[in-house]
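Trainee: Could you take me through a close look at one part of this protein? I'd like to start with a pocket and follow it wherever it leads.

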Amino acid sequence: MGKKFRVFATCDIGESIELLRRRGYEVEVYPHAEAPAKKVIIEKVKSGVDGLITTLRDQIDAEVFEAGKGTLKVVAQIAVGFDNINRGDASRYKVPFTNTADVLTEATAEFAFFMLGALARRMWTAEHLTRENKWSYWHPYLPFLGDEVTGKTIAIIGTGRIGLAMIKKCAGSDMNMLCYDPAYQNHEFVGAIQETMDLRHARGISKEKTWIKYSTLEDALAQADFVSVHVPLLREGETQTPTYHLFNERTLRMMKKTAFLVNTSRGPVVDEAALARALRENWIAGAALDVYEKEPLPADSALRDPAIEDRCRLYPHFASAGRTTRLSTDPDKGMAGRCAQGLIDVLEKNYGGDVTKMPYVVNKEAFGKAG
Ligand code: GLV
């Protein structure tokens, strides 16, 4: 290979770093587990790196692109979500950025499904009972019961890749589904799931007939026993259909008192202050969260209130945290592999150097003929 590319990775992404080095890249990895301060990123970019490997913890905006004017050629993000990258700024500075969609779809959906199960069946409380040696008898209903997931109705909020994968998991548990998406509906997929539901019933695999359909947000929230959130974080001004605080006092109050909320998307989609109140005042039965308005979750977060701990499950942005999902060097299996490949595609001008043809580039709109 001719030119030796310089890359700064704000985080170690495992073996893929070694593979880039073996390709002749000069890769510097930020040596701490915590994210670097923005000024560190800017300093590295100013020093003339060709590529940045970023995580969702890094704020990448005009300041960074300005620092890399003329030198920074690509930002490769190891995540499917990219709300930390200012798309408008990237496009204005004509820097393509890549993400790692697809490879974490099933991992994230299954984690959402497990969170839902943990919440509904009160697994955390049940394990505490056992570990703390407070389990003193088998009894039909004491000291507490949970709720079965099978056969219940779930609202799937957001029917992109992960929402559709969640639909598959829920279909396997004979759930009925109300789908809502402010921007994108996949009626073909939903229709195909209904066909599989009908077949399962016709062949006696499912006892009850089950159904799936698109609905309004209001109907979905009013009828669902579970609500699972799978929308990207979009703020006012970024889109016609913002999702910031989509779950707020008004929408939380639309849910049934017996319903559970699961969020594996982005923290700011849920107004945490309103959610903590909803849990304290029993507007809803419980919530399981993997993402937060501020991460890591602050020590003084209202969500840590011991008064709601039996109905509030908290996880550390962990839904994609499968070994293969996070670290496989294979771009079709792992976030690390896909992230490295996104970087390589741009730097090595794969696809004839046509950014619009590169599968992992997000802001293709900036590189079309008119772009
Ligand atoms: C994780 O949150 C991701 O966006 O990949």
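How much space lies in the second largest pocket?

Mentor: Happy to! Keep in mind that this is a predicted model. The second largest pocket holds about 360 Å³ of space. Its lining consists of 16 residues, and those nearest the centre are His 139, Leu 142, Pro 143, Phe 144 and Leu 145. By character, the lining comprises eleven nonpolar residues, three charged ones and two polar ones.

Two of those central residues deserve another look along the backbone. Leu 142 is joined to Pro 143 by a cis peptide bond, with omega near 0°. Most peptide bonds are trans. If you trace the chain, you will find Pro 143 in the loop that runs between helix H6 (123-131) and strand S6 (153-157). Thus a residue of this loop is among those that lie nearest the centre of the pocket.

A second cis bond is found elsewhere, between Glu 295 and Pro 296, where omega is about -10°. Pro 296 also sits in a loop, this one between strand S11 (286-289) and strand S12 (312-314).

Now let's turn to the ligand. Its surroundings are formed by Leu 56, Ala 79, Val 80, Gly 81, Leu 104, Arg 266, His 317 and Met 335. This shell divides into five nonpolar residues, two polar ones and one charged one. Three of its members come up to oxygen atoms of the ligand. A side-chain N or O atom of His 317 is 2.5 Å from a ligand oxygen. Arg 266 places a polar side-chain atom 2.7 Å from an oxygen of the ligand, while Gly 81 does this with a backbone N or O atom, also at 2.7 Å. On its own the ligand would expose 190 Å², and the protein buries 90% of that.

For the wider setting, look at the open sheet of five strands, whose order is S2-S1-S3-S4-S5 with parallel pairing. Strand S2 (26-29) and strand S5 (97-98) form the edges, each pairing on one side only. Further in, strand S1 (residues 6-9) and strand S3 (residues 51-54) run parallel and are joined by three bridges. Across that pair, Ala 9 stands opposite Ile 53 of S3.

Finally, follow the chain on from edge strand S5. The loop between S5 and helix H5 (105-120) contains Asp 102. Although Asp 102 is not a glycine, its phi is positive, at about 75°. Most residues other than glycine have a negative phi. When you view the model, then, the cis bond at Pro 143 and the positive phi of Asp 102 are good spots to zoom in on.

Notes. Residues are numbered from 1 along each chain as its sequence is written. This is a predicted model: local features need pLDDT of at least 70, side-chain atom pairs count only at pLDDT 80 or more; totals for chains, interfaces and linings use all residues. Side-chain values use heavy atoms; hydrogens and water are left out. On a 1 Å grid over the protein atoms alone, a cavity is a set of points where a 1.4 Å probe fits but cannot get out, and a pocket is an open set with protein on both sides within 12 Å along at least five of seven lines; lining residues have an atom within 4 Å of a point. Grid points are joined across faces, edges and corners, and a volume is the space filled by probe spheres set on the points. Ala, Val, Leu, Ile, Met, Phe, Trp, Tyr, Cys and Pro count as nonpolar, Asp, Glu, Lys and Arg as charged, and the others, Gly among them, as polar. A residue is near a molecule or strand if one of its heavy atoms lies within 4 Å of it. A polar contact is a pair of N or O atoms within 3.5 Å; within protein, one must be able to donate a hydrogen and the other to accept it, and residues adjacent in sequence count only if both atoms are side-chain atoms. Accessible areas come from the Shrake-Rupley method with a 1.4 Å probe; for residues, only the protein chains shown count as cover. Two strands pair if DSSP finds at least two bridges between them. Helices (H or I, at least four residues) and strands (E, at least two) are DSSP runs, numbered from the N terminus.
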